[in-house]
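Please work through the exercises below with the sequence and the model at hand. Attempt each task before reading its solution.

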Amino acid sequence: IIYFLINAFLFSLDNFNNAFMKELPYKVAFRTIKIAALVTIIDVVISFIVSFFITFVVKEKYQKYLIASIVLPLWASYIVKQYAWRQILDGTSGYLKTLTGQSPGYGYVAIVIVMAYLWLPFVLIPIYSGMSKVPKNLLEASGDLGAKNFRTTLKIITPLIKPSIVAGSIFSFGLTLGDYFASTLVGGSKVQVLGQLIQTTFASGQETYAAALTFFPIIIMFAYLAIAKRS
């Protein structure tokens, strides 16, 4: 960050004028925020359901094996997993197309799928950690007082694990916001995110302009952390 800040202020403030006065960075920033928000929502929903199942349905002696299976994909290379998804989602000869006859192909949907898969363990682990600490006698008391399962989940479990949900969302939102490799592999030619814009600008030799562009994800992440803190 220090390196980019120094480069951004190098020579003059023209880099900031170019970065903040052009329309393209804002379009890419809003697209990236939408992708990051969608990935976060998907991961939180899946993590909540899986954590609930492991905590309250599966027997305690089997829970550790399910958690191990969730952590296991993290042992595989980040790049290898993305290349695997590239083969799966290929709209012409991918595995999904071959097996089902349909595939989303490369683009917006593919980026969301790959990102949600990559960051799911980072969201699931804190949510499971929070849910495993919820006293089960509270759920029994809620049921005795006449609350149905959905109401108990909404009014008892969710408020108690809110910090865990926020913590997991920070991981998924932040990691999606800064990623550029997935969009390069499965985003196609029409979908560009902030990380990719910065990387291509830097690779083209415009280092100081790329450094100014890095202020977009920094500002967005600071804003998200401020909202998370207030919550």
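The exercises that follow concern a predicted model.

**Exercise 1.** Determine whether Ile198 is buried or exposed, and find which residues it touches.

Solution. Begin by locating the residue: Ile198 is part of helix 12, which covers residues 194–203. Next, consider its accessibility. Ile198 counts as buried because its relative accessibility is 12%, and the cut-off for buried is under 20%. Finally, list its contacts. With residues up to four places away in sequence not counted, Ile198 touches Ala210, Leu213, Thr214 and Pro217.

**Exercise 2.** Identify the residues with the most contacts inside the largest nonpolar core, and the helix that gives the most to this core.

Solution. The largest nonpolar core has 17 residues, and those with the most contacts inside it are Ile35, Val39, Ile111, Val114, Met115 and Val186. At least two residues of this core come from each of helix 3 (23–56), helix 5 (78–89), helix 7 (108–131) and helix 11 (181–186). Helix 7 gives the most, with eight residues. A second, separate core has 15 residues, including Ile198, Ala210, Met221 and Tyr224.

**Exercise 3.** Decide whether Trp75 is buried or exposed, and name the residues that make the nonpolar surface patch of about 440 Å².

Solution. Trp75 is found in the loop between helix 4 (60–71) and helix 5. Its relative accessibility is 72%, so Trp75 counts as exposed, the cut-off for exposed being over 50%. The patch is made by Leu72, Leu74, Trp75 and Ile125.

Conventions. Residues are numbered from 1 along each chain as its sequence is written. This is a predicted model: local features need pLDDT of at least 70, side-chain atom pairs count only at pLDDT 80 or more; totals for chains, interfaces and linings use all residues. Side-chain values use heavy atoms; hydrogens and water are left out. Helices (H or I, at least four residues) and strands (E, at least two) are DSSP runs, numbered from the N terminus. Buried means under 20% relative accessible area, exposed over 50%, partly exposed in between (1.4 Å probe, protein chains only). Contact means heavy atoms within 4.5 Å. A nonpolar core is a set of buried Ala, Val, Leu, Ile, Met, Phe, Trp, Tyr and Cys residues joined through side-chain atoms within 4.5 Å. Patches are made of residues with over 30% relative accessible area and no salt bridge: like charges are joined within 9 Å, nonpolar side chains (Val, Leu, Ile, Met, Phe, Trp, Tyr) within 5 Å. Accessible areas come from the Shrake-Rupley method with a 1.4 Å probe; for residues, only the protein chains shown count as cover. A salt bridge is a side-chain nitrogen of Lys or Arg within 4 Å of a carboxyl oxygen of Asp or Glu.
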